[in-house]
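Visitor: I'd like to know how the labels people put on a structure are earned. Could we go through a few of them together?
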Amino acid sequence: MMQKSVLIISNEAGVRDMMANLLTDSGLRVSLAATGAEAIKIVSNSTPDFILCEQFLPDSSGVELKRRLLRLSPKSRVIVLSSFTIIRTSDDVLRFGSSDFILDQRELLDLLEAAGEDRAPVAVPVTDLHLKKCLTETIDVLVGLLEINDPFFSGNSHITMEYARAVAEEMKLSKEMVDEIVVASLLHDIGRIGIRSEILIEKKEISNTEYNTVKSHCENGVKILDTIDFPWKIKPIIVHHHERYDGKGYPGGLKGREIPLGARILSVVDAYAAMTANRPHRKSRPKGEAIEELHRNVGTQFDPEIVELFTLVAERKFHYHGNGVKPQILMVDDEVDYLTLLKLKLVNEGFGVIVTDNGADALALMEKDRPDLVIADVLMPEMDGIAMYRRMREIPGVGDTPLLFLSGKDDTNLKVEALHLGAEDYLVKPVDLKELAARIRNIIRRETTRKKSAAGAGTSQGVMGDLRNLGIPEIVQTLHLGLKTACVALKTGERDQGRIYFTNGRLSHCETGSLAGEEAFYRLLRLQEGSFVIMHGQTTKKRTIDMDEMQLILEGFRRIDEERKETGQG
């Protein structure tokens, strides 16, 4: 069943926390806004199933805001909350229906359930999953064909899409939202078509004018797609995928939760895909360096929770991506059409692909630059695949390269001979390309594992960083801005210094040594050096801090200043 989404709009932090806890525990996906302006930015880029809006907000009334929200998102069910315990009569609100009142907290879930069942949909949604799947795969193929012969961007959109899909699924988003992110990721760079190719492949630093031209690809992409009525809300993701978490990105200068979730995901995975691919002005960066760069920019450029999730899925699902040079596959086949389709599939899987149509050229290519895998037909003119493999086995440094045979001839004797020589497998055409790609991934994975040092780094847990780059005040503001539930573990050298807990962006508990609560926070605020790890989703039942985050930080700084004056350090 698709997970329902709820936007809560309330000026009271305590009310937002209470509502968020109640609805999250009931299986709903919750977003929060403190003002009408924040709510409008969120709804402009997403479609909540339900919107719960307090009647009195600092910048608008609930009734007027409801009208504006329904114009932006007619499919949403907007409910104005006059009180959680008392009905306050209002003719203005009653015009929208008596179900827009909430009597008390216990009735809230019943009201949401009833509203979801009774309200007829504004538009008939696309329900044919097969057609939507075909549309997505068609977009994937067409974008792949546009990129296939590009030496720098070949397969980029597909690989970025796979990263984004993995993060969205790890977040357990609804199927509809995963599809939305997948299609937006495939099309996110389509606006580059309006940029002169020499700017994109220039090997020197580009000018400010050229940089502004490159930046225009976000809005250009939306203009290109503007006449297409997609069954997904992909345009906000495309136009905002270069926003920054601190609000210093483009084109809208959105920050934190104002940026659509899909755009926040795409921002992280697009940066990683770019760093781990060759570009005209630089070589690809190793996977470890790219992950470290993401971690260095949490809270400024990237959503820290998404960086943490991507770090996990990158190691678990894409261990052969981003390890410096792409795994190289040499394909030897004289069937040009089949070769093109297979090349497109493998490029999209993140492999570098070299093709040739005869065994002699293949052997010369192997001697020049050893591939990670050879895929060869058996029936070829002049030199068949078996003869090529025998000669390949004799080349120093190349002979143990894994080889996979593809053949149009189903011959038991040929199969036995090929496997006896040491071939990984002998498959008969036509072979399902997805199945073939899975077999190739397994071969590459096995080879990578075989070559990998036993001292290789393990999986990172949480977002790691240095307090000299991102101090405790900045960490607090980042998690508060993103409404995150997380634990921040602080260390100095080998010693554990303390932990700070957040619940829906509110600082809820702090501990260090024998201290807890606000006094513990004041002690930790003094730390200027050391490391931190932000572990999202970790929480505690302890509630030792009630003070507002900014007041807590200011009070901490005031105490530090007073101590410096008393000791003569100020």
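Visitor: Which residue in β15 does Gly465 stand opposite?

Guide: Gly465 faces Phe532 in β15. Keep in mind that this is a predicted model.

Visitor: And what is the bridge partner of Val463 in β15?

Guide: Val463 has Ile534 as its bridge partner there.

Visitor: Why is β10 said to pair with β15?

Guide: Two strands pair if there are at least two bridges between them. β10 and β15 (residues 531–536) are joined by 4 bridges, so they count as a pair, and they run antiparallel.

Visitor: What makes β11 a partner of β15 too?

Guide: Try the cut-off again: β11 (residues 486–492) and β15 share 6 bridges, so at least two is satisfied, and the pairing is antiparallel. Leu490, for one, stands opposite Phe532 in β15.

Visitor: What is the strand order in the whole sheet?

Guide: The open sheet has 6 strands, in the order β10-β15-β11-β12-β13-β14, with antiparallel pairing.

Visitor: Why are β10 and β14 called edge strands?

Guide: β10 (463–466) and β14 (515–516) each pair on one side only.

Visitor: Let's move to the helices. Why is Thr160 called buried?

Guide: Buried means under 20% relative accessible area. Thr160 has 0% relative accessibility, so it counts as buried. This residue lies in helix α7 (residues 156–170).

Visitor: Which residues is Thr160 in contact with, beyond its neighbours within four places in sequence?

Guide: Thr160 is in contact with Ser185, His188, Leu266, Val269, Asp270 and Ala273. Also, its C-alpha atom is 8.5 Å from that of Tyr272, though the two residues are 112 apart along the chain.

Visitor: What makes the link from the side chain of Thr160 to the backbone oxygen of Asn156 a polar contact?

Guide: The cut-off for the N or O pair is within 3.5 Å. The side chain of Thr160 reaches that oxygen of Asn156 at 2.8 Å, so the distance passes.

Visitor: Tyr272 came up just now. Which residues of α13 and α14 meet?

Guide: Tyr272 is one of them: Val268, Ala271, Tyr272 and Met275 in α13 meet Lys287, Ala290, Ile291, Glu293 and Leu294 in α14. That contact divides into 7 nonpolar residues, no polar ones and 2 charged.

Visitor: How are α13 and α14 arranged?

Guide: α13 (residues 261–275) and α14 (residues 287–296) pack at about 145 degrees, with their axes 10 Å apart. α13 passes α14 in a right-handed crossing.

Methods:
Residues are numbered from 1 along each chain as its sequence is written. This is a predicted model: local features need pLDDT of at least 70, side-chain atom pairs count only at pLDDT 80 or more; totals for chains, interfaces and linings use all residues. Side-chain values use heavy atoms; hydrogens and water are left out. Axes are lines fitted to C-alpha atoms, for helices over the stretch in contact, and angles run from 0 to 180 degrees between N-to-C directions. A crossing is left-handed if the near helix is turned anticlockwise from the far one by less than a right angle, and right-handed if clockwise. Contact means heavy atoms within 4.5 Å. Ala, Val, Leu, Ile, Met, Phe, Trp, Tyr, Cys and Pro count as nonpolar, Asp, Glu, Lys and Arg as charged, and the others, Gly among them, as polar. Buried means under 20% relative accessible area, exposed over 50%, partly exposed in between (1.4 Å probe, protein chains only). A polar contact is a pair of N or O atoms within 3.5 Å; within protein, one must be able to donate a hydrogen and the other to accept it, and residues adjacent in sequence count only if both atoms are side-chain atoms.
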